[in-house]
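Visitor: Could you take me on a close look at a single part of this model, the surroundings of the bound molecule? I would enjoy one connected account.

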Amino acid sequence: MIFPSSPKTKQKIMQIQWYPGHMCKAGKEIKDILPNVDVIIEVIDARIPFSSQNPLLAELRGNKPCIKVFTKSDLADAGVTAQWQAYLEQEQGIKTLAVSTDHPEKIRQLIELCHKMYPNVSAANKRTQVLIMGIPNVGKSTLINILAERIIAKTGNEPAITKGQQRINIGEDIVLWDTPGMLWPNIENRHSGYRLAITGAIKDTAIDHLDIVMVAAEYLLQHYPDALMERFQLDTLPENEHALLVAIGTHRGCLRTGGAIEMDRVAKIFLTEFRAGLLGKISLETPQMMEQELIEVALIREQKAAKKLLRKQKFVGNKATEGKLEK
Ligand SMILES: Nc1nc2c(ncn2[C@@H]2O[C@H](COP(=O)(O)OP(=O)(O)OP(=O)(O)O)[C@@H](O)[C@H]2O)c(=O)[nH]1
Ligand SMILES: [Mg+2]
């Protein structure tokens with residue numbers, strides 16, 4: 001058997017970006033309807049509650065009540081989800097609810113929660129306007145179909161299924177606004193870009209499967225080794241992500257003529273099985289990781305600003321010298 005050369009042990013993290021035109025339009029439309037919205041439901045992926053939150057929402061929402069709904073909680077580590085819920089509810093006006101399609105009755109609790117968070121509606125004699133927003137492929141339309149108790153919004157297991165806004169009257173004095181999945185123009189935290197790609201929020205054509213799987217494999221080796229051993233029937237834990245993919249490739253028969261491992265095929269298998277929950281209930285981030293990464297992001301931002309200032313000072317200095325020489 002030929003083992004691929006140059007094993008990567010510490011993956012170099014690149015910036016992943018996906019911001020097609022319809023997302024920019026959706027962002028503008030959300031800003032336009034926000035003044036008429038009573039309650040915001042931000043749908044976040046229970047496996048990545050930090051990376052799937054829109055960083056622009058905090059300033060956009062002002063004092064409006066907001067429910068952070070963790071979807072796909074059937075795929076996430078329940079202990080970590082509980083940590084996240086407690087962490088996020090520390091913020092004023094925020095409530096959380098962890099749901100999954102396995103328990104639609106829990107999703108329907110959202111109706112009562114909306115009424116609780118916006119009780120003044122009956123006095124005003126109007127329907128509560130509820131905006132549903134969130135990253136692509138997180139399960140917004142699925143949630144709406146369950147709340148409406150009929151298939152009203154198109155769903156699918158890939159990002160960017162919903163392309164335009166839709167207003168849905170679900171009875172119970174509630175109007176829901178379904179919106180297209182949205183990311184933001186600059187995913188500053190590179191780790192977040194990877195996690196969004198791993199969980200399926202970024203279109204597959206915009207990512208390099210092997211690159212993101214290496215990062216996922218590195219994380220799972222550290223945090224969920226037993227899940228890997230069980231799923232891929234390994235006798236010993238491989239020492240790094242490269243060795244792990246080679247072991248999976250060997251076990252699953254991903255071999256080219258001549259014996260080389262087809263790493264791209266292994267990456268696709270890994271990703272498909274992770275996303276389907278076949279590796280078990282896995283969370284890719286914790287509040288502690290988020291706090292650490294926010295410090296790193298702030299540091300990178302400062303370094304970028306310092307470099308920019310230096311370039312500006314050099315430019316002004318050069319202009320001044322040119323001016324003196326001309327005289
Ligand atoms: N395992 C699991 N899958 C879910 C859950 N909720 C939704 N899904 C799946 O996630 C995929 C995306 O669902 P959608 O409702 O189309 O997601 P969306 O957020 O409307 O996606 P866009 O419109 O593309 O932004 C579908 O394949 C759903 O079946 C859940 O709780 N658990
Ligand atoms: Mg949708």
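**Around the ligand**

Guide: Happy to. Let us begin with the record: UniProt, in an unreviewed entry, gives the feature "binding site" to N137, V138, G139, K140, S141, T142 and G181. These positions are spread over 45 residues of sequence, yet they cluster in space, with a largest C-alpha distance of 12.5 Å. The lining of the largest pocket includes N137, V138, G139, K140, S141, T142 and G181. Please keep in mind that this is a predicted model, and that such annotations may be inferred rather than shown by experiment.

To place this group along the chain, take V138, which is in the loop between strand 4 (128-134) and helix 7 (140-148). The range of that helix begins at 140, and K140 is one of the residues that UniProt lists.

Now for the ligand itself. Ligand 1 sits in the largest pocket, and the annotated residues K140 and T142 are among those lining that pocket. There are 21 residues around ligand 1, of which K140, T142, A160, I161 and T162 come nearest. Sorted by class, this shell holds six nonpolar, eleven polar and four charged residues.

Next, a look at individual atom pairs. In K140, an N or O atom of the side chain is 2.6 Å from an oxygen atom of ligand 1. For T142, the distance from a side-chain N or O atom to an oxygen atom of ligand 1 is likewise given as 2.6 Å. N137 takes part through its backbone, where an N or O atom lies 3.1 Å from an oxygen atom of ligand 1. As for cover, ligand 1 has 660 Å² of accessible area on its own, and the protein covers 86% of this.

Putting the pieces together, K140 and T142 carry the UniProt "binding site" feature, belong to the lining of the largest pocket and count among the residues that come nearest to ligand 1. N137 is also in the annotated set, with its backbone contact at 3.1 Å.

Notes: Residues are numbered from 1 along each chain as its sequence is written. Chains are lettered from A and ligands numbered from 1 in the order in which they are written. This is a predicted model: local features need pLDDT of at least 70, side-chain atom pairs count only at pLDDT 80 or more; totals for chains, interfaces and linings use all residues. Side-chain values use heavy atoms; hydrogens and water are left out. A residue is near a molecule or strand if one of its heavy atoms lies within 4 Å of it. A polar contact is a pair of N or O atoms within 3.5 Å; within protein, one must be able to donate a hydrogen and the other to accept it, and residues adjacent in sequence count only if both atoms are side-chain atoms. Accessible areas come from the Shrake-Rupley method with a 1.4 Å probe; for residues, only the protein chains shown count as cover. On a 1 Å grid over the protein atoms alone, a cavity is a set of points where a 1.4 Å probe fits but cannot get out, and a pocket is an open set with protein on both sides within 12 Å along at least five of seven lines; lining residues have an atom within 4 Å of a point. A molecule sits in a cavity or pocket if more than half of its atoms lie within 2 Å of its grid points. Ala, Val, Leu, Ile, Met, Phe, Trp, Tyr, Cys and Pro count as nonpolar, Asp, Glu, Lys and Arg as charged, and the others, Gly among them, as polar. Helices (H or I, at least four residues) and strands (E, at least two) are DSSP runs, numbered from the N terminus.
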